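Here are my notes for when you have the model open. Have a look at the helix first, then the core and the pocket.

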Amino acid sequence: MSESSSTLRILGITAPVQMAKVQLRGTFEDCGWEFCDLNDLQCELREKGTERYELFNRSFPGCLKDDGGKTGRFYASVTREFYVARLEEDIPILAYMIRDKCLSAAGKLVLSWEYLPFIASSLPLDHTLHFVSDHGVWFERIRSRAKEIGMVGELGDSDIERIIDLLNLQPETVLHQVQSAMAGKFTTLDVSDDDWGSAVVKKWLSEHGG
């Protein structure tokens with residue numbers, strides 16, 4: 001990476017679900033970055049009272065919380081076809097919202113989203129951090145999160161693989177998307193450590209003006 005500290009202002013982070021993006025919010029904020037989780041903005045698009053909320057819950061009752069977040073039932077009932085169609089509707093809206101946020105940001109801004117490659121071409125990204133993890137560590141993190149959102153029973157590997165397929169967030173898929181959309185402007189970091197890769201990220205930021 002050749003960026004200097006004067007140009008490293010808009011940073012992206014992307015990875016499959018439960019691969020440390022949100023867990024590292026505090027790390028980035030401690031290093032002086034404003035953290036923007038695009039999932040929060042996506043939830044706002046489908047919160048209670050919106051047409052999207054009604055569409056989701058009419059099609060798959062109980063799949064969304066009032067704030068638009070996913071419930072455990074979401075992962076058990078929503079079809080990939082339906083999910084992909086809604087994602088394709090969200091992408092241009094989020095791209096517009098985030099482009100404006102980048103332009104108005106007063107300081108350093110980090111954008112976190114598993115689907116960030118889909119809107120990268122419309123954003124002034126200086127660089128992107130692509131997170132990877134040990135397979136066993138990653139699956140245990142997914143199991144832990146599943147319990148937090150109320151999924152019933154222990155998830156087997158096949159259950160987790162089905163969820164990853166639903167979201168189309170296989171590690172190899174995300175890597176391919178990053179290589180295509182952020183060619184020459186991304187760094188892969190392993191976030192398998194118990195601290196969710198906090199030390200690794202801090203070291204990278206300190207070495208690259210972050």
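1. Start with helix α8 (residues 171–181), where Val174, Gln177 and Val178 are buried, meaning under 20% relative accessible area with a 1.4 Å probe and protein chains only. Helices here are DSSP runs of H or I, at least four residues, and strands are E runs of at least two, numbered from the N terminus. This is a predicted model, with local features needing pLDDT of at least 70 and side-chain atom pairs 80 or more, while totals for chains, interfaces and linings use all residues. Residues are numbered from 1 along each chain as its sequence is written, and side-chain values use heavy atoms, without hydrogens or water.

2. Why do the buried residues of α8 line one face of the helix? Seen down the axis, they fall within an arc of 100° (taken from the directions from the axis to the C-beta atoms), so they line one face. On the other side, Glu172, His176 and Ser180 are exposed, which is over 50% on that scale.

3. The cover over the buried residues of α8 includes strands β1 (10–14), β4 (127–132) and β5 (186–190).

4. Now the largest nonpolar core: Phe28 and Leu111 touch the most other members among its 66 residues. Such a core is a set of buried Ala, Val, Leu, Ile, Met, Phe, Trp, Tyr and Cys joined through side-chain atoms within 4.5 Å. Helix α5 (residues 80–104) gives the most to this core, 8 residues.

5. Beyond its neighbours within four places in sequence, Phe28 is in contact (heavy atoms within 4.5 Å) with residues including Leu11, Trp33, Val110 and Leu205.
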